[in-house]
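Open the model in your viewer and keep the selection panel at hand. The tour below goes from one selection to the next.

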Amino acid sequence: MKKLLKTMAVCGTVIIAAGNISVAEETGEALYTAKCKMCHGATGAGDTPIGKKQGVKSFSDPEIVKKSDSVLFDITKNGVGKMPAYKDKLTDAQIKSLVDYMRSLQKK
Ligand code: HEC
């Protein structure tokens, strides 16, 4: 019986660890589609109904292109104006991958 419990505990740990890996591997693109697209639009142009209403600028706007990665990171983490803060919802690593994804949208 003790041995069975031990086996179950080990299996449980493995399952939890696997779950964490899949979160860590979420790409900036998947996160963006799930959490940001409804306001910022698929191409980052801010051309969604909510985006237009809230005055969201395109990520390709020169004003935003010249902002540093750490500024984009801070805005996503702490929010600004109507932009919601994600510090309780996303890890720093996830925000970092989102910054990379926003940069890739700017190049298009
Ligand atoms: C509810 C709508 C909404 C959602 C969802 C949203 N944003 Fe925003 N975002 C805004 C608005 C509105 C602004 C402009 C804020 C301002 O300057 O007043 C903004 C601004 C920004 C800026 C700064 C750009 C600038 O104008 O200087 C960044 C970076 C940003 N958002 C990233 C993100 C990321 C990454 C996500 C997803 C994790 C996200 N946003 C989700 C509404 C949203």
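**Around the ligand**

By class, the shell around the ligand comprises 14 nonpolar, four polar and three charged residues; Ala, Val, Leu, Ile, Met, Phe, Trp, Tyr, Cys and Pro count as nonpolar, Asp, Glu, Lys and Arg as charged, and the others, Gly among them, as polar. This is a predicted model, in which local features need pLDDT of at least 70 and side-chain atom pairs count only at pLDDT 80 or more, while totals for chains, interfaces and linings use all residues. Residues are numbered from 1 along each chain as its sequence is written, and side-chain values use heavy atoms, with hydrogens and water left out.

Select the ligand and the 21 residues that surround it (a heavy atom within 4 Å). The closest are Cys36, Cys39, His40, Lys67 and Met83.

Next, show two polar contacts (N or O atoms within 3.5 Å). The side chain of His40 has an N or O atom 2.8 Å from a nitrogen atom of the ligand. At Lys67, a side-chain N or O atom is 2.7 Å from an oxygen atom of the ligand.

Now colour helices H3 (37-40), H6 (69-78) and H7 (92-107), each of which supplies at least two residues of the shell; helices are DSSP runs of H or I, at least four residues, numbered from the N terminus. H6 gives the largest share, three residues.

**The pocket**

The ligand sits in the largest pocket (more than half of its atoms lie within 2 Å of the pocket's grid points). A pocket is an open set of points on a 1 Å grid over the protein atoms alone, where a 1.4 Å probe fits, with protein on both sides within 12 Å along at least five of seven lines; lining residues have an atom within 4 Å of a point. Its volume is about 540 Å³, the space filled by probe spheres set on the points, which are joined across faces, edges and corners. Of the 22 lining residues, select His40, Phe59, Ile75, Val80 and Met83, the closest to the pocket centre.

Definitions and conventions:
A polar contact is a pair of N or O atoms within 3.5 Å; within protein, one must be able to donate a hydrogen and the other to accept it, and residues adjacent in sequence count only if both atoms are side-chain atoms.
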